[in-house]
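Visitor: Please take me through one part of this model, slowly and closely. I would like the packing, and who touches whom.

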Amino acid sequence: MDELRGVLIIGVVLYHLLYDLAVLFPVGIPWMFDPWMNHARNICTGSLIVISGISCLYSRSNLRRGLRTFGLGLLLSLVTGIFMPSQFILFGILHFFGASMMLYALLRPLLERIPTIPGIVGCVLLFCLTWNVYSGYVNILGHTLHLPDFLYNKPLLFPVGFACRGLSSADYYPLLPWSFLFFAGSFFGRYVRAGKLPEFCYQSHFPWLSRLGSHTLIIYLVHQPVIYGVLTLLFH
């Protein structure tokens, strides 16, 4: 998992480098916001979310881990709010990870009663079902069902996934739909921890990637300030 995390965090750093060049600095990257780039970003982040869900089965205290991660998210909100208000992060990936870890800790007795395969399939279906919650609707077997208006324009429901007028986040990963991907990872983690995957999944292939992946959180926290600082020196 650390090797996979290493690959994925490299992808995150490259994406943010391109984003900064396209948005914050005078470099034209016309394909930066093409649909395929959004898909690549979602696949990369979604994979990290699944791995984080798997990791819940290896943690001594998901509640403590979640509180720490959520606290780092709040710190990131404070820093972006003060120094980069145009890129303010209200409920980003760190907030999401922290909240999901705490939810897992609270729901673990219930989740442990759910069989593995139904748990994975159910979470994936719910993830697909709630994909368009922010836009005001869900898709059920090809039919569009509009959600009640009272769920929207409520600041407290913005982290859940319901749009609120006047609130935005440069990095936004609400609980709906992403928490279902996290919980799918926690169900799949039962197979991982039980050693039921192919043998090569448990072998070391690229130790340097593993070392990189084991420091994903630190890299995520420092990479954007480093990129921004270097680009500022280059373009000013």
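Guide: The tour begins with one helix pair and then moves on to other parts.

This is a predicted model: local features need pLDDT of at least 70, side-chain atom pairs count only at pLDDT 80 or more, and totals for chains, interfaces and linings use all residues. Residues are numbered from 1 along each chain as its sequence is written, and side-chain values use heavy atoms, with hydrogens and water left out.

Start with helix 1 (residues 2-23) and helix 8 (residues 216-235). Helices here are DSSP runs of H or I, at least four residues, and strands are E runs of at least two, numbered from the N terminus. The axes of helix 1 and helix 8 are 10 Å apart, at an angle of about 30°. Axes are lines fitted to C-alpha atoms, for helices over the stretch in contact, and angles run from 0 to 180 degrees between N-to-C directions. Helix 1 and helix 8 are therefore roughly parallel (under 35 degrees; over 145 is roughly antiparallel, 65 to 115 roughly perpendicular, the rest oblique). Their crossing is right-handed (the near helix turned clockwise from the far one by less than a right angle; anticlockwise is left-handed).

Now the residues of this contact (heavy atoms within 4.5 Å). Helix 1 brings R5, I9, V12, V13, H16, L17, D20 and L21, and helix 8 brings T216, I219, Y220, H223, Q224, I227, Y228, L231 and F235. Of the residues in the contact of helix 1 with helix 8, eleven are nonpolar, four polar and two charged (Ala, Val, Leu, Ile, Met, Phe, Trp, Tyr, Cys and Pro are nonpolar; Asp, Glu, Lys and Arg are charged; the others, Gly among them, are polar).

Look at H16. With a relative accessible area of 15%, H16 is buried (under 20%; exposed is over 50%, partly exposed in between, with a 1.4 Å probe and protein chains only). Setting aside neighbours within four places in sequence, H16 contacts Y220, H223 and Q224.

F25 sits in the loop between helix 1 and helix 2. F25 is buried too, because its relative accessibility is 5%. Beyond four places in sequence, F25 touches D20, Y228, L231, T232, F235 and H236. F25 and Y228 are 203 residues apart in sequence, yet their C-alpha atoms are 9.4 Å apart.

Next, helix 2 (residues 35-55) and helix 6. Their axes come within 6 Å and cross at roughly 50°. That makes helix 2 oblique to helix 6. The crossing of helix 2 and helix 6 is right-handed. By class, their contact has eight nonpolar, seven polar and no charged residues. Helix 2 residues in it include G46 and G53, and those of helix 6 include W178, G185 and G189.

S179 also lies in helix 6 (residues 175-193). S179 is buried, at 7% relative accessible area. Leaving out residues up to four places away, S179 touches F96, S100 and P174.

Last, helix 3 (residues 62-83) and helix 4 (residues 93-111). Their axes are 7 Å apart, at about 160°. Helix 3 and helix 4 are therefore roughly antiparallel. This crossing of helix 3 and helix 4 is left-handed. Their contact divides into 13 nonpolar, seven polar and two charged residues. R65 of helix 3 and R108 of helix 4 are among them.
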